[in-house]
Amino acid sequence: MINIAVLGYGTVGSGVVEVLHTNHESIKKRAGEEINIKYVLDLRDFPGDPVEEILVHDYEEIINDPEVDIVVEVMGGIEPAHTFVKRALEAGKNVCTSNKALVAKYGPELMEIAKGKDINFLFEASCGGGIPIIRALNSSLTADVVDEITGILNGTTNYMLYKMDTEGCAFGEVLKEAQEMGYAEADPTADIEGHDAGRKIAILSSLAYGRFVNYEDVYMEGITKITPEDMEYARALGMKVKLLATSRKVKDSYYAMVAPFMVNKSSPLYSVDGVFNAVFVHANMLGDAMFYGSGAGKLPTASAVVADVVDAAKHLHRNIMTNWSNDPLSLQEMDEVEGRFFVRLQDAAIDEIEDAWGQVQTVELDTLSDEIGVLTSSMKQKRYKAGAEKLGDRVISMIRIKD
């Protein structure tokens with residue numbers, strides 16, 4: 001029998017308990033042994049819930065119990081999660097987590113401890129909820145050199161942009177609705193400013209490229225400035241606006257960013273709507289591949305956590321190799337990154353616009369007769385910025401184009 005302790009009995013923690021109970025027999029077959037939940041840690045009481053029988057309020061009971069083989073951390077946040085996880089690993093206990101903030105900040109440290117103890121620190125659920133992208137990068141794509149990862153990695157913002165596109169809602173209106181439906185937190189900053197997606201692309205990039213990408217180095221731009229008018233232009237161009245987290249290898253350099261992009265119908269990401277997530281990967285031998293599914297939610301996320309529990313159970317005293325070193329990956333300055341831009345302008349003549357950016361494709365909407373939209377050719381961001389500076393306050397807004 002393999003004993004586990006679950007830290008946190010919130011949405012994901014209760015989901016982990018449910019998955020382990022509901023699929024008990026099939027999980028036992030896959031793990032090769034019975035998985036027994038010996039403890040659940042939470043500060044709260046849950047009167048009438050069967051979890052009462054195994055509920056503890058003091059972490060010391062778990063850390064000092066030599067029978068606990070695997071610790072499942074689903075508390076979220078940095079502290080006390082970091083302290084608890086580090087102590088568990090140092091005590092020789094495997095750890096499975098869904099905590100992207102923890103992995104993005106302390107992943108290298110925690111994996112190094114696990115490696116030294118010949119145990120595992122696993123985090124499949126940290127980047128795409130129920131989408132098995134980390135296991136794919138870590139094992140299925142080991143014969144390939146990955147040169148791009150681009151994903152819709154935040155279900156909240158994808159839902160909001162979908163509603164703005166299909167119903168013409170303003171940002172504030174759709175944010176309020178997302179909060180009422182439980183998709184957005186009371187403080188939605190991490191989602192709408194791109195921080196959540198930034199942590200996830202940092203983790204995925206670290207695995208894909210074999211060196212540590214610090215999420216604080218990832219350029220992050222949110223969706224707070226996106227308007228229903230932007231959606232009108234996107235439809236006129238046969239595109240949709242998506243918040244993309246993307247990293248690419250360009251020759252010998254790498255960049256990583258989170259920003260709104262206009263996505264063409266030819267992209268597999270075009271049809272990813274609502275709260276769903278997707279991760280597009282390009283590798284030199286495989287070519288294109290996409291992983292799609294529920295990026296959040298109680299049971300999809302819990303399913304990914306339990307998959308890690310099974311993996312840890314099968315490798316209790318053997319470290320699973322990962323393509324992630326502690327050496328930092330230096331990222332290209334954003335000014336050097338090339339791309340195309342969609343720009344909305346007012347009171348600007350075409351010759352002035354083309355003087356700033358070269359030849360452009362124009363887009364005009366009958367409903368917005370006092371402005372014009374233009375698509376630039378591919379250029380470095382520093383050239384775009386220089387042109388925008390020249391045109392000054394005539395530039396209303398800019399959205400990047402995903403090619």
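The legends below describe close-up views of a predicted model.

Residues are numbered from 1 along each chain as its sequence is written, and side-chain values rest on heavy atoms, with hydrogens and water left out. In this predicted model, local features need pLDDT of at least 70 and side-chain atom pairs count only at pLDDT 80 or more, while totals for chains, interfaces and linings use all residues.

**View 1. The open sheet and its edges.** Six strands, taken as DSSP runs of E with at least two residues and numbered from the N terminus, form an open sheet with parallel pairing in the order E3-E2-E1-E4-E5-E6; two strands pair if DSSP finds at least two bridges between them. Strand E3 (55–56) and E6 stand at the edges with a single partner strand each, so one side of each is left without a neighbour in the sheet.

**View 2. Strands E1 and E4, with helix H1.** Strand E1 (residues 2–7) pairs with E4 in the parallel sense over 5 bridges, and Ala-5 stands opposite Val-71 in E4. Helix H1 (residues 11–22) packs on the sheet, where it touches E1 and strand E2 (35–41), and its direction makes about 160 degrees with that of E2. Helices are DSSP runs of H or I with at least four residues.

**View 3. Strand E5 between its two partners.** On one side, E5 pairs with strand E4 (residues 68–73) in the parallel sense over 4 bridges, with Glu-73 opposite Thr-97 in E5. E5 is also joined by 2 bridges to strand E6 (residues 121–122), and these two run parallel; here the bridge partner of Cys-96 is Leu-122 in E6. Both faces of strand E5 (residues 94–97) are covered, since Asn-94 and Cys-96 on one side and Val-95 and Thr-97 on the other are all buried, that is, under 20% relative accessible area with a 1.4 Å probe and protein chains only.

**View 4. Two crossovers that share E5.** E4, helix H4 (residues 81–90) and E5 make a right-handed β-α-β unit, and E5, helix H5 (residues 100–117) and E6 make another right-handed unit of this kind. Right-handed means that, with the strands pointing away from the viewer, the path from the first strand over the helix to the second runs clockwise.

**View 5. Helices H8 and H12.** The axes of helix H8 (residues 155–167) and helix H12 (residues 228–236), lines fitted to C-alpha atoms over the stretch in contact, come within 9 Å and cross at roughly 75 degrees. H8 and H12 are therefore roughly perpendicular to each other, a term for angles of 65 to 115 degrees. The contact (heavy atoms within 4.5 Å) is made by Leu-161, Met-164 and Asp-165 of H8 and Pro-228, Met-231 and Arg-235 of H12.

Terms used
Buried < 20%, exposed > 50% of the residue type's maximum accessible area, 1.4 Å probe, protein only. Axes fitted to C-alpha atoms, helices over the stretch in contact; angles between N-to-C directions. Parallel < 35°, antiparallel > 145°, perpendicular 65-115°, else oblique.
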